[in-house]
Amino acid sequence: MALNPLVVQVATVAVAGSVVVAIAVVTSGIVERSSRTATADSNAALMASRIRSEMDTVALLRLDDAIAGNAATTNAPTRISLQGAIAAHEAVATASRDAADLHQLIGSEVTLQILGATGEARSALNSYLASQTLQTFADLQTRLQALRNLTASEIPQLTMSARNNQTTLRSAANLSRITIIIAATASTAVVAMATLVIGRRLRRALRTAEDEKARLIETTKAMQRRNDQFAALYQVGSEVSESLSMRYVIQTTVREARKLVGADVVAVRRVVNGALQIAGSEQDADTDVAKLGTVPLGQGLVGRAAKRGKTIRVDSDAEVQMADGERVAGMQSGIVVPLIVGARVVGTLGCWSRVTGCFDSDDERILEMMATQVATAIVSADTHEQSERDAHNDALTSLPNRRQLNEDLRGVLLEASHQDTPHAIAMVDIDHFKRFNDEYGHRVGDITLQKVADVLKSSLRDEDRVYRFGGEEFLIVYAGVTAENALKLAERARSAVERAPLTGETLQPVGPVTISIGVALFPDHGRDIEALIDLADRAMYVSKEMGRNRITLSGHEPERLAAAA
Amino acid sequence: MIRLTILLGLVGLGAAACFKAEARPAPAPEEIRVADAAPSAVLINASEFRLDLTTHTAKAGTVDFVVRNDGRQEHEFVVVPVRDDRYGMPLGEIEAFAAGQTRALRAQLAPGKYTFVCLIVSDVHGQPKSHMSLGMKTDFEVTP
């Protein structure tokens, strides 16, 4: 069991304190005892000397009287005066009391003898006072002398003892003073040391706590970030899975992926004809992505990830490993996640950063989860757009069909009417088409249709559109043109078809393929779509009537033909 | 609770009784007629300068002492208690009596140590001496 250091500290202080207190108690005991003994001895010495002087008094009293009565010289029985007798009696009584006190104080053999001797002295004095003979006088003298001798032998001893006790007392006092100084110093040292040690331990504990706190904050932040990422991931998932627009799916993906992992550049590519075509990208303002382009499968990081169907993460020097079409200057770290549906790689999601080691395994996992959803969304958007194309495009010529035309025209003309932009509608019909079918079969008819469609498409400006209107009919919408320009453009289409080596001389007797065109103008000839198409159609028929391979502007037909149409 | 109170009360009373018994001073030893002394009395021969006892121990309680002066001088018999090697105040005594005489003393003695002495002072070769210092001193022990 590990002892609590604090407990050890407290115990140390307690033991040290107890030792100090014990020393103080013992010392004070010595001081007290010594002082008591010293006092007793001093008192005893005093008493003994008093007894002695009292005896002297008694002896002197007797002597005075003896001298007065001339007893000393005659050796006759001495006489004592009444005053002398009273004084002697009092002195002996006092001596007896002192002897009792002295004996109680000391309790030694000598004090006991002194006590006995004072009793003897008193009875001797009484005998002498009763009968003043030489015998009683001698007896009294003997007892007085005995007391004097006893006290004489005892006084120096008691005095010495008192002095010794005083010395002991002084030493004890000094010892106690030293003890107190040592105790004070020791306790101060112990307390200081304990404070120091506890303080250091506290500081260490505090530091540890700070570290723990910092780590906790760090962990909490990381968890918060993960939470945010998962929330964003869920958001992306639901957004892209709900959308059937490829453009929206790609835009959402690059935008959210960049936020999710904090990348500088994000690019989504789709596999098209065995290469990775850029489908969309997002980057910070400083990054130049003009060079982003198609990357062949198996090349660069993107190509390798797509080919292997596995995520590639690079922590440094990413730029060096990138292929031409994917390279962005200054990129250090990156993650490329293949977009996989079933077992098929449909594209890649690449995230790049200028910071070395910007991405970790968590980022990798997040992007992989995102990639799964994005891949599915891309495939379903692709499928949808394909079916949309199928519904709106003519299968034979790949041109948008009449349904698409209606949708487009409604939008185009609505916009045009707001801005008052003139548009032209040209109805195109292949001359003698029925004869191609009849003479050479449907197969040649179809090829003819495809080729005319291609030529028409290539004769257009960027802003113009051509639709397959039905049968051998096509419709062209020229945007933002005057009548004059519309006619010029129509002429360009007509001449392009006429010049094109469509079926060549092999299709004799039908001859070269030509087209007849009728043009109607918006808003000059009206604002209604159906009405305009009808006008263009009529003008086209006029061209047919006029001998085919020509152009007629609505409202400019010869009177007769117009009426006939 | 009540039982405990009673018990404590009894203990208190007992303690009080003990203290009272202890506090009561034993009556001072007093001289009795030799004829009244118990047959079990301690016999003491006093002489120059010694005290000879038939026994040096006795049971606590009433102890009779019969002292015969076998010497040529007067002697006395003083009972002094001893505690912690210190002599206490004399409890009682047989005053000085002449050679050839016999006296008796009855004492109520508590357990402890005692010393019997003669404190008479005599002139020995011109020097006054206490008989105690000359050898008239003997120890006695009272057992409970």
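In this predicted model, the largest nonpolar core, a core being a set of buried Ala, Val, Leu, Ile, Met, Phe, Trp, Tyr and Cys residues joined through C-beta atoms within 7 Å, has 59 residues, of which Ile114(A), Leu147(A), Phe65(B), Phe77(B), Val117(B) and Cys118(B) touch the most other members. A residue is taken as buried if 20 or more other C-beta atoms lie within 10 Å of its own, as exposed if there are 12 or fewer, and as partly exposed in between, with C-beta atoms placed from the backbone. Helix α4 of chain A (residues 109-130) gives the most to this core, namely nine residues; helices (H or I, at least four residues) and strands (E, at least two) are DSSP runs numbered from the N terminus. A second, separate core of 46 residues includes Val236(A), Ile312(A), Val328(A) and Leu349(A). Beyond its neighbours within four places in sequence, Leu147(A) is in contact (C-beta atoms, placed from the backbone, within 7 Å) with Ile51(A), Met55(A), Ile114(A), Ala117(A), Thr118(A) and Ala121(A).

Residues are numbered from 1 along each chain as its sequence is written, while chains are lettered from A and ligands numbered from 1 in the order in which they are written. Because the model is predicted, local features need pLDDT of at least 70 and side-chain atom pairs count only at pLDDT 80 or more, whereas totals for chains, interfaces and linings use all residues.

Chain A contains 15 helices and 11 strands, and 35% of its 565 residues are buried. Of the contacts in chain A with a separation of 6 or more, 64% join residues 24 or more positions apart. Helix α3 of chain A (residues 82-106) has 25 residues, which at 1.5 Å a residue should span 36 Å, and its end C-alpha atoms are 35 Å apart, in agreement; the expected span is 1.5 Å times one less than the number of residues. Among the buried residues of α3(A) are Gly84(A), Ala88(A), Asp98(A), His103(A) and Ile106(A), and just after this helix Gly107(A) takes a positive phi of about 65 degrees.

Between the chains, 17 residues of chain A are in contact with 14 residues of chain B. On the side of chain A that touches chain B, the largest share, seven residues, comes from α4(A). The residues of that side divide into four nonpolar, 10 polar and three charged, where Ala, Val, Leu, Ile, Met, Phe, Trp, Tyr, Cys and Pro count as nonpolar, Asp, Glu, Lys and Arg as charged, and the others, Gly among them, as polar.

Strand β9 of chain A (residues 473-479) has five of its seven residues buried, so it is largely enclosed by the rest of the structure. Strand β7 of chain A (residues 423-430) pairs with β9(A) in the antiparallel sense over seven bridges, pairing being assigned if DSSP finds at least two bridges between two strands, and Asp429(A) has Glu473(A) as its bridge partner in β9(A). Strand β8 of chain A (residues 465-470) is joined to β9(A) by five antiparallel bridges, with Arg465(A) opposite Val477(A). β8(A) and β9(A) form a hairpin with two residues between them, and Gly471(A) in the turn has a positive phi of about 55 degrees.

In chain B, an open sheet of five strands with mixed pairing follows the order β1-β9-β5-β2-β3. Strands β1 (30-32) and β3 (50-53) of chain B stand at the edges with a single partner strand each, so one side of each is left without a neighbour in the sheet. Within chain B, β5 (residues 61-69) and β9 (residues 102-109) run antiparallel and are joined by eight bridges, and Phe65(B) has Leu105(B) as its bridge partner in β9(B).

Key. Contact = placed C-beta atoms within 7 Å.
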